[in-house]
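Please look through the sequence and the structure shown here, and keep both in view while reading the report that goes with them.

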Amino acid sequence: MKFALVLALFVLGFAQVNVTSNQQGTSGGVKYELWMSGSGSGCWCYIKGQGCAFHGHWSNCGDYLCRAGNGGSTLTYAYTKTGSGGGYSFIGVYGWTTNPLVEFYIVDDWFSGGGNSGGSQKGSFSQDDATYNIFEHTQTNQPSIQGTATFEQFFSIRQGQRTSGSINVQAHFDKWNSLGMKMGSIYEAKALVEAGGGSGEIDYTSCSI
Ligand SMILES: *[C@@H]1O[C@H](CO)[C@@H](O)[C@H](O)[C@H]1NC(C)=O
């Protein structure tokens, strides 16, 4: 009986976490991070404790990134979204490598006005039923997992937005490598929403990576 009660509390109560300020952690075995450059009552990310699924909500939070997952070679996802994401926004796979420090994005969707890397195009390729355009952009003295730093950003941006599907993550890593875009050791690869402003939300109904 006691064990069942503890188990029920774990399943019902402790696998989910509603994150309302900059924080990283593990919930129900899933790693997550919320990072914002601003703050506000409408800025939160509810980690569902079911794979990388989360419910993110922003309202004038500055730059808002919620991400979840433990890395892996494939992201399979489905979600609904509403609202706006400011001047830039990205939904898909996100992570970092170290040595060299690289911030990477595989972008399947965005809010109106988003989906722009600001970088120069390095190539394109067909993958997962679409063409992805590949960009590289240098961030100079910007926030990173190692504090303020100068580093490269790699982007694959899908031509044709979608709100469900599977992303072959390794295929993008391999393609970037073949274009001379060298990654380091994987630090993280997670499901992401990033919004550069606006007010909106995203709610993953399923997510695994
Ligand atoms: C998360 O917390 C915020 C702030 O308290 C609240 O407004 C929001 O409804 C919560 N989200 C969920 C899914 O519980």
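The report below goes through the annotated domain, the two sheets, an unusual stretch of loop and the pockets.

## The model and its domain

The structure is a predicted model, and every value in this report was computed from it or taken from a record. According to an unreviewed UniProt entry, the feature "domain: GH11" covers residues 18-207. Within residues 18-207 the chain is 59% strand and 5% helix, while the C-alpha atoms at the two ends of this stretch are 17 Å apart.

## The sheet of nine strands

Nine strands make up an open sheet, and their order across it is β2-β3-β6-β14-β8-β9-β12-β11-β10, with mixed pairing. At the edges stand β2 and β10 (120-127), and because each has a single partner strand, one side of each is left without a neighbour in the sheet. From one strand to the next, the twist averages 25°.

Inside this order, β6 and β14 are neighbours, and they pair in the antiparallel sense over five bridges. One residue pair can be picked out here, since Cys66 has Val193 of β14 as its bridge partner.

## The sheet of six strands

Another open sheet is formed by six strands in the order β1-β4-β5-β15-β7-β13, and its pairing is antiparallel. Its edge strands are β1 (17-19) and β13 (164-168), each of which pairs on one side only. The twist in this sheet averages 20° from one strand to the next.

Strand β7, which spans residues 74-83, is joined to β13 by five bridges, and the two run antiparallel. Leu75 stands opposite Ile167, a residue of β13. Helix α2, made of residues 169-178, lies across β7 and β13 and runs at about 45° to β13.

## An unusual stretch of loop

Most peptide bonds are trans, and most residues other than glycine have a negative phi. Against that background, two neighbouring residues in the loop between β8 and β9 deserve a careful look, namely Asn99 and Pro100. The peptide bond that joins Asn99 and Pro100 is cis, with omega at about 0°. Asn99 also has a positive phi of about 50°, although it is not a glycine.

## The largest pocket

The largest pocket has a volume of about 470 Å³. Its lining is made of 25 residues, and those closest to the centre are Asp63, Glu103, Tyr105, Gln139 and Glu194. By class, the lining of this pocket holds eleven nonpolar, nine polar and five charged residues.

Several strands contribute to this lining, for at least two residues each come from β3 (30-36), β6 (64-68), β8 (89-98), β9 (102-109), β11 (130-142), β12 (149-158) and β14 (185-195). These strands can be found again in the order of the nine-stranded sheet.

## The second largest pocket

The second largest pocket has a volume of about 180 Å³, and the residues that line it include Gln24, Lys31, Tyr32, Asn70 and Tyr187. Two or more residues of this lining come from each of β2 (23-27), β3 and β14. Which strand gives the most to the lining of the second largest pocket? That strand is β14, with four residues.

By class, the lining of the second largest pocket divides into three nonpolar, five polar and four charged residues. Strand β14 is thus a useful landmark for the reader, as it supplies at least two residues to the lining of the largest pocket and four residues to that of the second largest.

Terms used:
Residues numbered from 1 in each chain as written. Predicted model: local features only at pLDDT ≥ 70, side-chain atom pairs only at ≥ 80, totals over all residues. Heavy atoms only, no water. Pairing = 2+ DSSP bridges. Axes fitted to C-alpha atoms, helices over the stretch in contact; angles between N-to-C directions. Contact = heavy atoms within 4.5 Å. 1 Å grid on protein atoms, 1.4 Å probe; cavity = no way out; pocket = protein on both sides within 12 Å on 5 of 7 lines; lining within 4 Å. Points joined across faces, edges and corners; volume = space filled by probe spheres on them. Nonpolar A, V, L, I, M, F, W, Y, C, P; charged D, E, K, R; others polar. UniProt positions renumbered as here; feature names shortened; annotations may be inferred.
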